[in-house]
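User: Please take a close look at one part here, the pocket lining and the elements that supply it. One connected account will do.

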Amino acid sequence: MILVTGATGYIGRHVVQRLLDEGWPVRCLLPERRLKRLPWQSESLPEIITGNVLNEEILFQAVTGVHAVIHLESAQWWGRMRDLERVELVGTRNLVAVARAARVGRIITLSHLGATPSSAFTLLKIKGMLEDLLRSSGLAYTILRPGVVFGPGDAFVTHIAMMLRLNPLFFLMPGQGEVVLNPLYIDDLVEAIYRSLSQIETVDATLEIGGPEYLTLEDLIRTVMRVTGQYRPIFSVPPYVMRWATAFYSRVLPRSLMTQQWLDILAASRTAHLGNMYTYFGLHPRRFEDTLLTYLPQQPFLLPALRYSLRRRPRGI
């Protein structure tokens, strides 16, 4: 039995679908409000435990009889400091406690390239503290550190396309666009998570993974423009001004397309060695522009951007 937390999130729903397709017994820990519309299309649905990682009693029930936990509950793209602390740290601390009591075999989780407890950036600091929690837990673990994850409906590349659609005059780019990124396609990340379940070499390891190429932020934005046909002049804006603007929009609108965590990731180059996906998992990840061409030109952006910005802000869990 595999327990998946954050099972209806962007990465979680893809991981659960892959496990179901392969015939694995899957259990999901979900708050009641997420039960109204389950995202999976399969003859057999996962077992559902209603609750969240802040309720230790429910959490112990969820981990009982579980061989491994894929811990994907996260506030990475939207959470403020208190949300990150509750979801990433308190939730993981509770999970470690009950997993030790229930003798769970291993916890697999996602961090981010550049994560460290000494980071000056909130997201990377919290992710680094999460990693330290797992390393000192006494449990077997696998920590995957991917680069920016992209795919249909993601919170990075798709949001860039949405911002281009909302502003037909120009695009504001944080900094000079010299930051180097290592984007990884969602299906390749899901495959890496799936293969880590059966590869002994990934136990008690922190693995940095990314796509097959490096792109500067400016190159990435221009690629999105080229693929979607939404050409705009790019104006460089100091990152601190973008943070002020993002803080303002997050107060005015329920959700902001560009968040503080978005800017944390863009504060410095975030890359892994290009051959790591093949070395660790035997995978050849897909190229950025070639993959965008398979889905991005067909997507609408204006109405989804308005719906996203005006929809109620997500709660912690």
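Analyst: Helices and strands are here DSSP runs, with at least four residues of H or I for a helix and at least two of E for a strand, and they are numbered from the N terminus. The model is a predicted one.

With those element names, the lining of the largest pocket can be described. The space in this pocket comes to about 1900 Å³. Its lining consists of 49 residues, and those nearest the centre are Thr8, Gly9, Arg13, Arg255 and Arg311. Which element gives the most to this lining? Helix α1 does, with four residues. The elements that each supply at least two residues are α1 (10-21), β5, α4, α5 (157-166) and α12 (302-310). By class, the lining holds 18 nonpolar, 16 polar and 15 charged residues.

One of these contributors, β5, belongs to the sheet. Seven strands make up this open, parallel sheet, in the order β3-β2-β1-β4-β5-β6-β11. At its edges are β3 (47-50) and β11 (205-209); each has a single partner strand, so one side of each has no neighbour in the sheet. From one strand to the next the twist averages 20 degrees.

Within the sheet, β5 (residues 106-110) pairs in parallel with β4 (residues 68-71) over four bridges. Val69 has Ile107 of β5 as its bridge partner, and His71 is opposite Thr109 of β5. Strand β4 also pairs in parallel with β1 (residues 2-5), again over four bridges, and there Ile2 is opposite Ala68 of β4. Are the residues of β4 buried or exposed? Ala68 and Ile70 point one way and Val69 and His71 the other, and all are buried.

Another contributor, α4 (residues 122-135), lies across β5, β6 (140-146) and β11. Relative to β6, helix α4 runs at about 160 degrees.

Helix α5 also supplies at least two residues to the lining of the largest pocket. How many of the 10 residues of α5 are buried? Eight are, taking buried to mean under 20% relative accessible area, so α5 is largely enclosed by the rest of the structure. The buried residues are Val157, Thr158, His159, Ile160, Ala161, Met162, Met163 and Leu164. Among the elements that cover them are β7 (149-150), β8, α7 (217-228), α9 (260-265), α11 (288-292) and α12.

Helices α5 and α12 appear again in the lining of the second largest pocket, where α5, β8 (171-174), α8 (239-252) and α12 each supply at least two residues. The volume of this pocket is about 500 Å³. Of its 18 lining residues, Met163, Leu166, Tyr249, Leu257 and Met258 are nearest the centre. Met163 is also among the buried residues of α5. The largest share of the lining is that of α8, at four residues. Sorted by class, this lining has 13 nonpolar, four polar and one charged residues.

To put the two linings side by side, α1 gives the most to that of the largest pocket, while α8 has the largest share in that of the second largest pocket. Helix α5 is listed for the largest pocket and for the second largest.

Key:
Residues numbered from 1 in each chain as written. Predicted model: local features only at pLDDT ≥ 70, side-chain atom pairs only at ≥ 80, totals over all residues. Heavy atoms only, no water. Pairing = 2+ DSSP bridges. Axes fitted to C-alpha atoms, helices over the stretch in contact; angles between N-to-C directions. Contact = heavy atoms within 4.5 Å. 1 Å grid on protein atoms, 1.4 Å probe; cavity = no way out; pocket = protein on both sides within 12 Å on 5 of 7 lines; lining within 4 Å. Points joined across faces, edges and corners; volume = space filled by probe spheres on them. Nonpolar A, V, L, I, M, F, W, Y, C, P; charged D, E, K, R; others polar. Buried < 20%, exposed > 50% of the residue type's maximum accessible area, 1.4 Å probe, protein only.
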